Amino acid sequence: MKSIRLPVFEYIPIRGRDRRLFCLKQSLAVLAWVLYWHKDPFRPGSGLVQKKSKLGFLVSWLRRNVGIFRLNFRLLIQFACYKYKLRSLGTVVYLPFYGQIVVPVHKGYKIFDFPKGLVRKWFDKGVDPRIISNEIEQMRYISKINFAPSIQKWSVEEGWYEENFISGSIDASYAPMDSRTLLKKFSNDVVQPLNELIFFQKPKSQYPEQ
């Protein structure tokens with residue numbers, strides 16, 4: 001890929017939260033959209049289980065969502081204090097791509113831009129270009145699978161690649177459902193992709209040919 005001049009964006013952690021970093025350039029409205037309307041894809045699952053009564057289920061649902069609303073509201077206030085310099089910055093990570101949320105990963109960072117549906121991986125400085133090239137080649141190979149993220153752009157020299165973002169429901173595995181619905185969902189969401197994975201590569205023999 002042709003080399004391009006990359007900008008610099010500031011990302012900060014929010015004290016008391018998890019490993020996520022938040023871009024200071026984004027507005028409060030955009031961050032609120034990510035946390036609430038995009039259902040904050042990096043929060044832990046709720047562990048929702050089926051209740052014996054509809055009332056019990058409703059109470060559990062309300063308690064869980066009120067708790068999430070309060071946590072995210074507190075995060076927005078803390079973010080505003082850093083963004084508008086009401087509180088001094090601590091740790092700052094400088095990355096060349098814009099996204100709303102960043103997650104540290106092996107040998108780099110994953111930068112999530114939800115409105116564009118993109119994820120960019122930026123490798124740490126000093127990572128062997130052969131490692132970067134190998135990971136990119138693996139991503140290109142895996143992207144042949146229908147349900148896998150598709151790699152779009154990359155640069156081994158600059159140490160990054162871009163893939164599309166596949167969103168999923170965090171609480172899908174906890175949603176209560178009857179046995180018939182569960183088996184149908186399992187067949188569609190698990191069995192078919194599993195078959196595709198099984199037949200994606202030809203079998204390899206562990207024994208030398210005679």
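**Helix α2, aromatic pairs and ring-charge arrangements**

Gln 78 is found in helix α2 of this predicted model. The relative accessibility of Gln 78 is 16%, so the residue counts as buried, the limit for that class being under 20%. When neighbours within four places in sequence are left aside, Gln 78 is in contact with three residues: Ile 14, Arg 15 and Arg 87. One of these contacts, Arg 87, also lies over the face of an aromatic residue, Tyr 82, with a distance of 5.5 Å from the ring centre. A second arrangement of this kind involves Lys 83, which is placed over the face of Tyr 84 at 5.9 Å from the ring centre.

Helix α2 spans residues 54-83 and also contains Leu 55. In contrast to Gln 78, which is buried, Leu 55 has a relative accessibility of 61% and therefore counts as exposed, since that class begins over 50%. Leu 55 contributes to a nonpolar patch on the surface, together with Leu 58, Val 59 and Leu 62. The area of this patch is about 350 Å².

Aromatic pairs were searched for across the whole structure, and 10 were found. One of them joins Phe 97 and Trp 160 in an edge-to-face arrangement, with 5.2 Å from centre to centre and 65° between the planes. Phe 97 belongs to the loop between β3 (93-95) and β4 (101-105), whereas Trp 160 belongs to strand β8 (residues 160-164); the pair therefore ties together parts that lie 63 residues apart in sequence. Phe 97 and Trp 160 are both buried.

A further pair is formed by Phe 123 and Tyr 161, whose ring centres are 6.0 Å apart; the planes meet at 55°, so this pair is tilted, as the edge-to-face class requires an angle over 60 degrees. Here too distant parts of the chain are linked, with Phe 123 in strand β6 (residues 118-123) and Tyr 161 in strand β8, 38 residues apart. Both Phe 123 and Tyr 161 are buried. Strand β8 thus supplies a residue to each of the two pairs described, Trp 160 to one and Tyr 161 to the other.

Ring pairs also connect several aromatic residues into a cluster, made up of Tyr 36, Trp 37, Phe 69 and Phe 73.

Conventions:
Residues are numbered from 1 along each chain as its sequence is written. This is a predicted model: local features need pLDDT of at least 70, side-chain atom pairs count only at pLDDT 80 or more; totals for chains, interfaces and linings use all residues. Side-chain values use heavy atoms; hydrogens and water are left out. Patches are made of residues with over 30% relative accessible area and no salt bridge: like charges are joined within 9 Å, nonpolar side chains (Val, Leu, Ile, Met, Phe, Trp, Tyr) within 5 Å. Accessible areas come from the Shrake-Rupley method with a 1.4 Å probe; for residues, only the protein chains shown count as cover. A salt bridge is a side-chain nitrogen of Lys or Arg within 4 Å of a carboxyl oxygen of Asp or Glu. Helices (H or I, at least four residues) and strands (E, at least two) are DSSP runs, numbered from the N terminus. Buried means under 20% relative accessible area, exposed over 50%, partly exposed in between (1.4 Å probe, protein chains only). Rings of Phe, Tyr and Trp (its six-membered ring) pair if their centres lie within 6.5 Å; planes under 30 degrees apart count as stacked, over 60 as edge-to-face and the rest as tilted. A charge sits over a ring if NZ of Lys or CZ of Arg is within 6 Å of the ring centre and within 35 degrees of the ring normal. Contact means heavy atoms within 4.5 Å.
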